[in-house]
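Here is a structure to be read with its terms in hand. The questions below ask why each label applies, and the answers set a value against the cut-off behind it.

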Amino acid sequence: MSFRRSLLASPQKLEKLWQRHLAQRKLQKAVAAGKVKKPIRCQRCRKRFPKQRLQGHHHDYRKPFDVEWYCQACHYKKHPSRFQAKAAYRQMQRLSGIIGH
């Protein structure tokens, strides 16, 4: 969500965005410090991936270390269809060279 859009969000949405941000940063720091270990397999499809390619999926942002580790494809499947549609659109833009990452 862009900064401009977040300014138009409700106070509840802004609080959720802030909680998500804090949970993601806490998890990121714990992984970097070696306090949380990433697995080598996606917990959904069980395929092996390099640890850099696994993403943490939070169910409750108040519990930043309670995550499931998914590959990108499985992580998208855990989100609502609106998110999946945006992800497919971004992937199409990446493949056509409109955006770089």
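Q: Why is R62 called exposed?
A: In this predicted model, R62 has a relative accessible area of 66%, and since exposed means over 50%, the value lies on the exposed side of the cut-off and R62 is therefore given that label.

Q: What makes the contact of D60 and R62 a salt bridge?
A: The side chains of D60 and R62 meet with 3.2 Å from N to O, and because the rule asks for a side-chain nitrogen of Lys or Arg within 4 Å of a carboxyl oxygen of Asp or Glu, the pair satisfies it. By this rule the protein has a count of one salt bridge.

Q: Why is H75 counted as buried or exposed, and on which side does it fall?
A: H75 has a relative accessibility of 12%, and buried means under 20%, so H75 counts as buried. This histidine lies in helix α3, and, leaving aside residues up to four places away in sequence, H75 touches Q55, G56, H57 and Y70. Across the protein, buried residues make up 22% of the 101 residues.

Q: How do you know which residues touch H75?
A: Contact means heavy atoms within 4.5 Å, and by that criterion Q55, G56, H57 and Y70 are the residues that H75 touches once those up to four places away in sequence are not counted.

Q: What lies closest to the centre of the largest pocket, and how much space does this pocket hold?
A: The largest pocket holds about 1400 Å³ of space. It is lined by 30 residues, of which R20, Q24, Y61, H79 and F83 are the closest to its centre. The elements that give two or more residues to this lining are α2 (11–33), β1 (55–58), α3 (72–77) and α4 (81–96), and α2 gives the most, with twelve residues.

Q: How do the residues of the lining of the largest pocket divide into nonpolar, polar and charged?
A: The lining has eleven nonpolar, ten polar and nine charged residues. Arg counts as charged, and Tyr and Phe count as nonpolar.

Q: What is the order of the elements of the protein from the N terminus on?
A: The elements run α-α-β-β-α-α, and the secondary structure comes to four helices and two strands.

Q: How much of the accessible surface of the protein belongs to carbon and sulfur atoms?
A: The accessible surface comes to about 8000 Å², and 54% of this area belongs to carbon and sulfur atoms.

Technical notes: Residues are numbered from 1 along each chain as its sequence is written. This is a predicted model: local features need pLDDT of at least 70, side-chain atom pairs count only at pLDDT 80 or more; totals for chains, interfaces and linings use all residues. Side-chain values use heavy atoms; hydrogens and water are left out. Buried means under 20% relative accessible area, exposed over 50%, partly exposed in between (1.4 Å probe, protein chains only). On a 1 Å grid over the protein atoms alone, a cavity is a set of points where a 1.4 Å probe fits but cannot get out, and a pocket is an open set with protein on both sides within 12 Å along at least five of seven lines; lining residues have an atom within 4 Å of a point. Grid points are joined across faces, edges and corners, and a volume is the space filled by probe spheres set on the points. Accessible areas come from the Shrake-Rupley method with a 1.4 Å probe; for residues, only the protein chains shown count as cover.
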